Amino acid sequence: MTIYLDNNATTRVAQEILEEALPYFHKMWGNPSSPNNQGLIAHKATSKARQQVANLINCDPEQIIFTSGATESNNIALIGHALSMGRKSGNIIIPKFEHPSVLETSKRLSSLGFKVQYLNITPDGVIDLNELKSLISQHQTNFISVMHANNETGVIQPLSEIREILNGNDIFFHTDAAQTVGKLSIDVQKLGLDSLSLSGHKIHSFKGVGALFIKNPNKILPIIYGGSQEYGIRPGTLNVPGIVALGKACEIASQGFFDYSKTKQLRDYLEKEILRRLKNLAVSGVNSERLPTTSNICFFYTEGDAIVANLNKNKIEVSTGSACSSQNFNHSHVLKAMGLPPEVTIGSVRISLAYDTSEKEIKRTIEQIENSVNLCREISPIYLDLIKKKKVNT
Ligand SMILES: Cc1ncc(COP(=O)(O)O)c(C=O)c1O
């Protein structure tokens, strides 16, 4: 049986979520904007889902806009709010380790004339709060976007502390919570967020559906134009089955049925065993608060791609860095921002667990990681040369 440990890339659709959504493909296929029975049924279903999403993050259902996923939500929040602010109105702060859906969008904003400042990351994988304070005191900042937890390292960012730093300034605060919604408890009101992105397929619902929480829809201009759906901010016919699935996932998460209490123990056990069995490695962000699901380990004197390929051959599916960047031969921008050199980041492997990952799966993964790393090192001329020169611990 294959062991799937790439849950930060995407998750398996949960059976009860699939069952909830299926009838909306073929039995209840209406357009929620249509003034007929099918349309009313679809409208009712999307309204219920809107409430389910809102319940999970503690906002009003009117503050939820359905999108195609976190990429689109981030684009709408960043470009939509920047457009509403106007080009000359100040600075946008973006940490260097954001997901490409934020980083690439910020580069586009910069090329359009908006001032973007890129915030440094500490070696522990957390944004540099001192630098944030000084940027805000020295420059007029209007907009900041900080992801809730990083998708490569799982390091959770101190959103409450950021909120405190922002207090007293009129700064729009966005977070990309694609990796945390459904896994951590989130209260957008307590966190004082202006907007938040979330994604269906990270929480056992469908790909191609997500949502944007927006405190005040007037602070966002549309980036695509069409009908009046979702306040005209996200026009287009709603993806009813996807939205029903997302709503159900949020309901399950609200009720605590995705139980991550054992996941942290399993992740910690995996790291402890790997550290016991192998030398010359580093766990990224190990000193920081991390998602219980995520372990990112840099194995020195190896290539992460080779380890991942070998594990894959042995029916264990993990990943290097994030899925979006693992097809490029770039070193992880996240680990680079944490100050790690390319010779270390090239050996990085991301193992991401689900709420239902079992101890048996983790035990087999540990064995296979040990075998794969040893195998990769045995055929590495650099490693063998370092051993000969007694420059490496064996
Ligand atoms: C932190 C983060 N933001 C955004 C995204 C993009 O989400 P989606 O696939 O829903 O567009 C991902 C997915 O990899 C992610 O991990």
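Tutor: A residue is buried if 20 or more other C-beta atoms lie within 10 Å of its own, exposed if 12 or fewer, and partly exposed in between, with C-beta atoms placed from the backbone. This is a predicted model: local features need pLDDT of at least 70, side-chain atom pairs need 80 or more, and totals for chains, interfaces and linings use all residues. Residue numbers start at 1 along each chain as its sequence is written.

Student: Which residues of H13 are buried?

Tutor: Start with the element. Helix H13 covers residues 359–378; helices (H or I, at least four residues) and strands (E, at least two) are DSSP runs numbered from the N terminus. Its buried residues are Glu361, Ile362, Thr365, Ile366, Ile369, Ser372, Val373, Cys376 and Arg377.

Student: Why do they lie on the same side of H13?

Tutor: Look down the axis. The arc is taken from the directions that run from the helix axis to the C-beta atoms. The buried residues share one side of H13 because the arc they cover is only 145 degrees.

Student: Which exposed residues sit on the face turned away from the buried side of H13?

Tutor: Go round the helix from its buried side. The face turned away carries exposed residues, namely Lys360, Asn374 and Glu378.

Student: What span does H13 reach from its first C-alpha to its last?

Tutor: H13 has 20 residues, and 28 Å is expected at 1.5 Å a residue. That expectation is 1.5 Å times one less than the number of residues. The model comes close to it, with a span of 29 Å.

Student: Is glutamine 368 buried, exposed or partly exposed?

Tutor: Glutamine 368 belongs to helix H13. It has 19 C-beta neighbours inside 10 Å, so it counts as partly exposed.

Student: How far apart in space are glutamine 368 and serine 295, C-alpha to C-alpha?

Tutor: In sequence, 73 residues separate glutamine 368 from serine 295. In space, C-alpha to C-alpha, the distance is 16 Å.

Student: How many residues of strand S8 are buried?

Tutor: S8 spans residues 210–214 and is mostly covered. Gly210, Leu212 and Ile214 point one way, Ala211 and Phe213 the other way, and all are buried. The count is five of five.

Student: Which residue of S8 stands opposite threonine 67?

Tutor: Strand S2 (residues 64–67) pairs with S8 in the antiparallel sense over four bridges. Pairing takes at least two DSSP bridges between the strands. Opposite threonine 67 stands glycine 210.

Student: What is the bridge partner of serine 199 in S8?

Tutor: Strand S7 (residues 195–199) runs antiparallel to S8, and five bridges join them. In S8, serine 199 is partnered by glycine 210.

Student: Which residues come nearest the ligand?

Tutor: The ligand has 14 residues around it. A residue is near if its C-beta atom, placed from the backbone, lies within 6 Å. Those that come nearest are Gly69, Ala70, Thr71, Asn151 and Ser199.

Student: Is histidine 204 buried or exposed?

Tutor: Histidine 204 lies in the loop between S7 and S8. Its phi is positive, about 65 degrees, although it is not a glycine. With 26 other C-beta atoms within 10 Å, histidine 204 is therefore buried.

Student: What phi does asparagine 280 have?

Tutor: Asparagine 280 lies in the loop between helix H9 (261–277) and strand S9 (281–283). Its 17 C-beta neighbours inside 10 Å make it partly exposed. Although asparagine 280 is not a glycine, its phi is positive, about 60 degrees.
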